[in-house]
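Let's take a walk through this protein together, one element at a time. Have the sequence and the 3D view open as you read.

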Amino acid sequence: MVYAWDRVGLLRDITTIIAEAKVNIASMSTTYQNEVTSVFATVEITTMAQLTQLLSKIQGVRGVISATRSSQAKISLSS
């Protein structure tokens, strides 16, 4: 789950980081409230270390407030 101040190019920046990590996005949805966008993405990762690194990079995107694994997440590591 990513919370960020809404701006033009936000989703592009997040999806570019995911693509550069060679991670597939299985699904993605967004909501908007009070100038904050919530992004929920289901990604296919191979290791927990990969997820940790991905979240760290997303945290560095301009405007991102937080990037965390959702409490609703189910871990299914692809091979």
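In which helix is Gln50 found? Gln50 belongs to helix α2. Please keep in mind as we go that this is a predicted model. Is Gln50 buried or exposed? Its relative accessible area is 16%, and buried means under 20%, so Gln50 counts as buried. If we set aside the neighbours within four places in sequence, Gln50 is in contact with Ala21, Val23 and Ile45. Take Ala21 as an example: 29 residues separate Gln50 from Ala21 in sequence, yet their C-alpha atoms are 8.5 Å apart in space.

From here, let's move to helix α1, which spans residues 10–20. Its buried residues are Leu10, Ile14, Ile17 and Ile18. Why do these four belong to the same side of α1? They cover an arc of only 100° around the axis, and that places them on the same side of the helix. Turn α1 around, and the face pointing away from the buried side carries the exposed residues Arg12, Ala19 and Glu20. Just after α1 comes Lys22, which takes a positive phi of about 60°.

What do the buried residues of α1 pack against? Their partners are three strands, β1 (2–5), β2 (24–33) and β3 (36–44), together with helix α2 (48–59). Let's look at the helix partner before the strands.

Two packed helices are described by the angle between their axes and the distance between the axes. For α1 and α2, the axes come within 10 Å and cross at roughly 150°. That makes α1 roughly antiparallel to α2, because angles over 145 degrees count that way. The crossing of α1 past α2 is right-handed. If you would like to see the side chains involved, Ile14, Ile17 and Ile18 in α1 meet Leu54, Lys57 and Ile58 in α2. You will recognise Ile14, Ile17 and Ile18 from the buried residues of α1.

Now for the strands. How do β2 and β3 run relative to each other, parallel or antiparallel? They run antiparallel, and nine bridges join them. At one position along the pair, Gln33 stands opposite Val36 in β3. The hairpin of β2 and β3 has two residues between the strands.

The loop between β2 and β3 deserves a closer look. Asn34 lies there, and so does Glu35. Although Asn34 is not a glycine, its phi is positive, at about 55°. Glu35 also has a positive phi, near 70°, and is likewise a residue other than glycine. Are these two loop residues buried or exposed? Asn34 counts as exposed at 64% relative accessibility, and Glu35 counts as exposed at 53%; the cut-off for exposed is over 50%.

Our last stop is Ser38, which has its place in strand β3. Unlike those exposed loop residues, Ser38 is buried, with a relative accessible area of 16%. Which residues is Ser38 in contact with, once neighbours within four places in sequence are left aside? They are Met1, Val2, Tyr3, Ser29, Thr30 and Thr31. As you trace these contacts on screen, recall that β1 covers residues 2–5 and β2 covers residues 24–33.

Methods:
Residues numbered from 1 in each chain as written. Predicted model: local features only at pLDDT ≥ 70, side-chain atom pairs only at ≥ 80, totals over all residues. Heavy atoms only, no water. Buried < 20%, exposed > 50% of the residue type's maximum accessible area, 1.4 Å probe, protein only. Arc of directions from axis to C-beta. Contact = heavy atoms within 4.5 Å. Pairing = 2+ DSSP bridges. Axes fitted to C-alpha atoms, helices over the stretch in contact; angles between N-to-C directions. Parallel < 35°, antiparallel > 145°, perpendicular 65-115°, else oblique. Left-handed = near helix turned anticlockwise from the far one by under 90°.
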